[in-house]
Each structure stands twice: as C-alpha cells, then as structure tokens.
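Work through these exercises with the model open beside you. Try each task before you read its solution.

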Amino acid sequence: MAVRGLLLAFTSALAFAGAFDFVLSYDRPPARKSLFVRLSEDVDSTSPQQVHISLVGEDKMRISWITEDPTPATVNYGTSPGKYGFSASGSTSSYQYVMYQSGEIHDVVIGPLKPQTIYYYRCGSDSAPEFSFKTPPPQLPIRFAIAGDLGQTEWTSSTLEHISQSNYDVLLLPGDLSYADTNQPVWDSFGRLVQPLASQRPWMVTQGNHEIEKIPIIHSDTFTSYNGRWHMPFEDSGSDSNLYYSFDVAGVHVIMLGSYTDFGSSSAQYGWLKADLKKVDRKKTPWVVVLIHAPWYNSNTAHQGERESIDMKASMEDLLYGARVDVIFAGHVHAYERFTRVYKGQANNCGPVHITIGDGGNHEGLATKFLDPQPNISVFREASFGHGELEVVNATHAQWTWHRNDDDELVASDTVWLRNLTSDPACEV
Ligand SMILES: [Fe+2]
C-alpha cells in the first residue's frame, strides 16, 4: 500500500510537471475542504454505483454505472415505480491505469422514451435500488444548468445543492470534472458525489485539462478515465471521437468541443465542426450553443496566453461566427465572466456571447485577479463560486442567470436576456 501511495504521489507530481503546470502559476485563496465520497456500507460488490445518464439522439438515454464485480449490463425501466415494462441490454468495459484497475463500467442505451416524462429504472440485478429520471421537453422552453471545473469540495456540494433546486432539464459541463489528476479512486469518489443529480437528469459534459491524465513514459494515452467513464453520444453526431460531439434537445443544438485535442484547420475536429454547423436547421433548432474548456475571451489574470485559448480561437472563431452561434460557454478560469457579443476581439452584434463559468467549486480555489482596466467587451466579472442557468424560453428569447454561492445562499447575481441571432435581420447570413 505504501509503495502504491508513493507511486501515485510520484505519478501525480510528473503529471503536474507536464500537463498541468500552468494550473499552479498564480495564487488562489484557500478553498473549502476537499471531499472524498466513500462507498456506503449498503452497497455490495454488485450494487450499482456512480450512476449517471446522458442523452442519445432525440428520444433515448444512456445509463452508465459501475459495479465492483461483474453483473449483467441490463436496465429495466418503466413509467411507474417498481413496474418495469421495458428492458434493454448494453455492454461492459473497464480500464487499467498504472496500478489501478477500474470496476465494471456498464453502458446501456434505453428508449425510445416519451418526452418530459419520469422514468423509473433499475440497473443490473433484481435486488438493485430504483432510480428515476425525467426526460427533457420535446420543444421550447427548456432549462439548462451550467457549471464548469466542479471538482469535489464543500463548495462543490454547495453548487450541486443549488443546481438541484433549479428544476433544470439538462446539465452542461464545460470541462474539469473530478480533479482526480491521475489518482483514479478520486474518479470513483466524483461518480458517487454527483450520482444524486446525474442519475436524475442528463449530464452532458466535455473535457478539460484535468481529464488529460497523461504521464510521460508511464501512461502515454490521454483521457483514459474520462473516455472510460463519461461516454457521450459522439457516434450519433458523426464524430469519430468522444472528445467532440453535438446533440439536439428541444429547440437547441449544443456543440461540445475539445480544447485539448487537435483543433487546427486540417484536424478531424475542425472538419467535423464545419460539417456539423452546415447541417444545423435553425427552424428546428433556432438556438446554437457551444461549450469549450479554455475560454477564448478572458480578462482574468489566470490562464492568459495559453494555446488552447489563442490558437483554438484563431482556428475556429470564423466558423462559429459565420454560423451565428448564440452563446459560447467556457470553464478553466475559476471565476465568472460575461462578455458582450464579440468577434475578433471587438463588440459585434452578430457574434456569440462568451461566458466563463469555471466557478463550480474545485480545490484550487478562485482566480481572484482581473486585468485592470476591465476591457469594454467584458460586461460582468466576479471571482465567486456558483453556477449558471440558461432558460431558452422560445425561438427568439432566452434568459441567462448566474447564481453565486454567497454564504451558501443562492443569489441571482447577473442576469441578461439574449435575443436569438437568427431572429435579427441585421445578422442574416
Ligand atoms: Fe481547466
């Protein structure tokens, strides 16, 4: 055990020296206590744990869960508690990471499902506990909860508590989930921490730098744990990688991009994004929303000058501007910041609104220093933990609200109405 602990410390140090060195490059105030969620005593080796769900196509849901020992990858489900008229089977996988062997990771797609309906489900064996989820509405309005850089601290708990009160339909996460940073049991803890929410509503995520988990010589693959545990519906959007994909929900087309995979104009991601944007039917999905991890616009002193911000923006901003993307959400910077509509560094009425929402609550604390003076394109900025809510009301209007975790009270601190870009004749393409 001691040898294993030493090895983990060594590999973590290597990883920080490589992929994550910039994370430690400025001072952050002390954060709240870190959490590690242990397996509860009533969970045996074949009980489902770390249950989370994600959208697949317009009327299906992926159910993901982990067991310590092998069990059938089967989900029984129905619309009344304890009555399961439907059953579906899927697949089981696992991964190895240095000396860590993951549990059995089960992946079952169920459906077709009715919209805006509560389903009750049971994973694996007949004695497993019952979970339930609600499917999203078939059309607008829809409510998204958005939080990046979650991690696992008492601040994360506060953020999750507030999100759970928001009556959201779908959660969007712009990267940096568990902050395991190569210490794999921390991924298991994260799965347990988010299960109460992530088993009830679809959690749609993209990855950040903390998901890379590459260790020179020792573990050369990237995103091993993320890809193993958070299978997103990339196959359904013609993507060849779990690191970038898109989906439609109600009247919104959501695009998840990968800031830490190739994004140059000859890359597979770029080619896929271009084709995906071309396919968007704004009559069916009037709103187009994009998530990245490293923000393209940022007036915090943290994470300035990184290639994932500068080069990705240089490569892809024209595509997103030309397609009249409405909003771009990012994480990475542990603070909140909202920009006006921008393009190539200037205010532009036909550009996307950029919002940094990397303030979910992780152990690194807040990024408290902002550049002075505040650029005129930066409308609102504040270093507090919190989450955002995007209520897309109809084809032309949506309301964005940022909620600060102020002394554990939920406070709506910044709010703005957004007008859909395709409803503005001046922005006709
Ligand atoms: Fe990050």
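**Exercise 1. A pair of strands**

In what sense do strand β9 and β10 pair, and over how many bridges?

*Solution.* Start with the ground rules. This is a predicted model: local features need pLDDT of at least 70, side-chain atom pairs count only at pLDDT 80 or more, and totals for chains, interfaces and linings use all residues. Residues are numbered from 1 along each chain as its sequence is written.

Step 1. Find strand β9 at residues 118-123. Strands are DSSP runs of E with at least two residues, helices are runs of H or I with at least four, and both are numbered from the N terminus.

Step 2. Count the bridges. β9 and β10 are joined by five, in the antiparallel sense. Two strands count as paired if DSSP finds at least two bridges between them.

Step 3. Check one position: Lys134 in β10 lies opposite Ile118.

**Exercise 2. The sheet around that pair**

Give the strand order of the open sheet that holds β9 and β10, and say which strands stand at the edges.

*Solution.* Step 1. Read the order: β4-β3-β9-β10, four strands with antiparallel pairing.

Step 2. Look for strands with a single partner. These are β4 (86-89) and β10, so one side of each has no neighbour in the sheet.

Step 3. Add the twist. On average, neighbouring strands are turned by 30° against each other, direction ignored. Axes here are lines fitted to C-alpha atoms, for helices over the stretch in contact, and angles run from 0 to 180 degrees between N-to-C directions.

**Exercise 3. A second sheet and its helix**

Describe the open sheet that contains β1, and find the helix that packs on this sheet.

*Solution.* Step 1. The order is β1-β2-β8-β5, four strands with antiparallel pairing.

Step 2. β1 and β5 (91-93) are the edge strands, each pairing on one side only. From one strand to the next, the twist averages 20°.

Step 3. β1 and β2 share six bridges. In one of them, Leu55 has Met61 in β2 as its partner.

Step 4. Helix α3 (residues 185-198) packs on the sheet and touches β1 and β2. The direction of α3 makes about 60° with that of β1.

**Exercise 4. Where two domains touch**

Which elements of domain 1 give two or more residues to the side that touches domain 2?

*Solution.* Step 1. Set the bounds. Domain 1 covers 49-134 and domain 2 covers 142-427. These bounds come from an automatic or database domain assignment.

Step 2. Count the contacts. 26 residues of domain 1 meet 26 residues of domain 2. A contact needs two C-beta atoms, placed from the backbone, within 7 Å.

Step 3. Name the elements: β1 (49-56), β2 (60-67), β8 (104-110) and β10 (130-134). β1 gives the largest share, eight residues.

Step 4. Sort the residues on this side of domain 1: 13 nonpolar, nine polar and four charged. Nonpolar means Ala, Val, Leu, Ile, Met, Phe, Trp, Tyr, Cys or Pro; charged means Asp, Glu, Lys or Arg; the others, Gly among them, are polar.

**Exercise 5. Buried or exposed?**

Compare two loop residues, Gly238 and Ala323. Is each buried or exposed?

*Solution.* Step 1. Take the cut-offs. A residue is buried if 20 or more other C-beta atoms lie within 10 Å of its own, exposed if 12 or fewer, and partly exposed in between; C-beta atoms are placed from the backbone.

Step 2. Place Gly238 in the loop between α4 (224-229) and β14 (245-249). Gly238 has 12 other C-beta atoms within 10 Å, so Gly238 is exposed. Beyond residues up to four places away in sequence, Gly238 touches Trp272 and Ala275.

Step 3. Place Ala323 in the loop between α6 (307-322) and β17 (327-330). Ala323 has 22 such atoms within 10 Å, so Ala323 is buried. With neighbours within four places in sequence left aside, Ala323 contacts Leu277, Val280 and Val288.

**Exercise 6. A covered strand**

How many residues of strand β22 are buried, and which strand forms a hairpin with β22?

*Solution.* Step 1. β22 spans residues 386-392, and six of its seven residues are buried.

Step 2. β23 (residues 397-406) runs antiparallel to β22, with seven bridges. The two form a hairpin with four residues between them.

Step 3. β11 (residues 142-146) also runs antiparallel to β22, with five bridges. In one of them, Ile146 is partnered by Gly388.
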